[in-house]
Amino acid sequence: MGSVLVLTFVGALLVWSATSERDTLTGGDPTAFLRKTLVNVAIGLVLMVMVLATDHRWVRILAPFVYVGSLVGLLLVLVMGSTINGSKSWVQLGGMSIQPSEFAKLAVIIGMSLFVAERFEGRSRRQVGTGEVIGMLLIAGLPAGLILLQPDMGTTLVLAATVFGVLSVAGAPAKWLLGLLAGGVFVATVAIKLHVLKQYQIDRFLAFLNPDLDPRGAGYNVEQARTAVGNGGWFGQGLFHGSQTRSGFVPEQQTDFIFTVAGEELGLIGAGLLIGLICLIVWRALVISRESRDIFGRAAAAGIACWFAFQAFQNIGMCMGIMPVTGVPLPFVSYGGSSMFAGMLAIGLLQNIHLRGAPALPTRFSAARVFTTR
């Protein structure tokens, strides 16, 4: 919780720095995005507390409804969604934009974890077989297919890494895991050959392989991001004093490229501490998974760890030029309500799993004894 709160606080400052000088975004109000970010954090914390306080039995009862709700949201995107930056990923609700694919990540984790738990809890047989693997892949495949139709390659990659993590913890055979990796490479190759991907997505991948190929087009974001990160040196240029950030050279800097603000203004030390906080959250999620008393908790916590780890690696990697630009936010740091809400819901679920999976208190300190009166 401490790491999450620090990340959201630092993220709000970075978003403020990235937008305060951009009148076209703020409408002349330098604090507009700061206020919106703080509202998103407040709503996210409320959602987190709600999940944390919910009895774990209700979490499992509501899991199918969460999954179906995510599918409905993804279908609404395809029917009436708004296209931003080439991807039809948002649904407009009044003056608010919702990105259902962010919530689909958590829904897939919960759905797969519930499926494997229902199959094995209370039974002597615990070996995951072909039926279980196919069932979990079907649960993940429906939302993944809808996300791919948007098309949103970044979220699809994050979802694939998350599914791989859940399958591994659930005990899927190694041949299935290796087969999925090979299948993923095959599908990606076919998608490129058959022009399933949009041209701008192919251009981004080519720019990743060779940023000098189109420095004013697809390679522009990568070049400017690397320049901004490189400007920071060891200790940075100071918050609100980054030259690339002040000049507005890096596109989408408050969302996809927020790490460039950290690199330029906080330097290697500050950006490294930011990465350290994310690693701490991932480590704690893995510890919670290990200590969970049931299959549902183990699989769900591990899935959340894989989600945060891969998404953070993808976001930071594309800012440094070691991963292709795919447009995924940095968890708890980037501006965006949907990403913040989904992340906080996941933290609430982790805390819920941790509370019911923690070792029992000694008898002399038990709650029953403390509150018993004569």
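Here's a walk through this predicted model, from the overall fold down to single residues.

A little housekeeping comes before the tour. Residues are numbered from 1 along each chain as its sequence is written, and side-chain values use heavy atoms, with hydrogens and water left out. Since the model is predicted, local features need pLDDT of at least 70 and side-chain atom pairs count only at pLDDT 80 or more, while totals for chains, interfaces and linings use all residues.

Let's start with the whole protein. Its secondary structure comes to 15 helices and three strands; these are DSSP runs numbered from the N terminus, where a helix is H or I with at least four residues and a strand is E with at least two. Of the 374 residues, 48% are buried. Buried means under 20% relative accessible area, exposed means over 50%, and partly exposed is in between, using a 1.4 Å probe and protein chains only. The accessible surface adds up to about 17,800 Å², and 68% of that belongs to carbon and sulfur atoms. (Accessible areas come from the Shrake-Rupley method with a 1.4 Å probe; for residues, only the protein chains shown count as cover.) Now for who touches whom, where a contact means heavy atoms within 4.5 Å. Take the contacts between residues at least 6 apart in sequence: 72% of them join residues at least 24 apart.

Next, find helix H3, residues 32-53. The expected span of a helix is 1.5 Å times one less than its number of residues. For the 22 residues of H3 that gives 32 Å, and the end C-alpha atoms are 32 Å apart, so the two agree. Several H3 residues are buried, including Phe-33, Leu-34, Val-41 and Met-48. Asn-40 sits in H3 too, and it counts as buried because its relative accessible area is 10%. What does Asn-40 touch, leaving aside residues up to four places away in sequence? The list is Tyr-335, Gly-336, Gly-337, Met-340 and Phe-341.

Move along to helix H4, residues 56-80, which is where you'll find Leu-62. With 38% relative accessibility, Leu-62 counts as partly exposed. Together with Trp-58, Ile-61, Phe-65 and Val-66, Leu-62 forms a nonpolar patch on the surface, with about 530 Å² of accessible area in total. Patches are made of residues with over 30% relative accessible area and no salt bridge; like charges are joined within 9 Å, and nonpolar side chains (Val, Leu, Ile, Met, Phe, Trp, Tyr) within 5 Å.

That brings us to charges. Side chains of opposite charge can pair when their charged atoms come close. The structure holds six salt bridges, each one a side-chain nitrogen of Lys or Arg within 4 Å of a carboxyl oxygen of Asp or Glu. One of them pairs Glu-118 with Arg-60, with the closest N and O atoms 3.3 Å apart. This pair links distant parts of the chain, as Glu-118 is in helix H5 (residues 100-120) and Arg-60 is in H4, 58 residues apart. Glu-118 is partly exposed at 49% relative accessibility, whereas Arg-60 is buried at 18%.

Stay with H5 for another salt bridge: Lys-105 and Glu-102, whose closest N and O atoms are 3.0 Å apart. Why is about one helical turn the separation between Lys-105 and Glu-102? The two are three residues apart in H5, so they are separated by about one helical turn. An α-helix has 3.6 residues a turn, so residues three or four places apart point the same way. Lys-105 is buried at 1% relative accessible area, and Glu-102 is buried at 1% as well. H5 is mostly covered, with 17 of its 21 residues buried.

For another setting, look at Glu-291 and Arg-290, whose side chains meet in a salt bridge of 3.5 Å, N to O. Here Glu-291 is partly exposed at 35% and Arg-290 is exposed at 61%.

How many disulfides does the structure hold? Zero, where a disulfide would be a pair of cysteine sulfur atoms within 2.5 Å. Cys-279 is partly exposed at 45%, while Cys-319 is buried at 0%.

Finish with two loop residues. Phe-240 has a positive phi of about 75° although it isn't a glycine, and its place is the loop between helix H10 (220-231) and helix H11 (243-247). Glu-252 isn't a glycine either, yet has a positive phi of about 50°; look for Glu-252 in the loop between H11 and helix H12 (258-291). Phe-240 is partly exposed at 25%, and Glu-252 is partly exposed at 31%.
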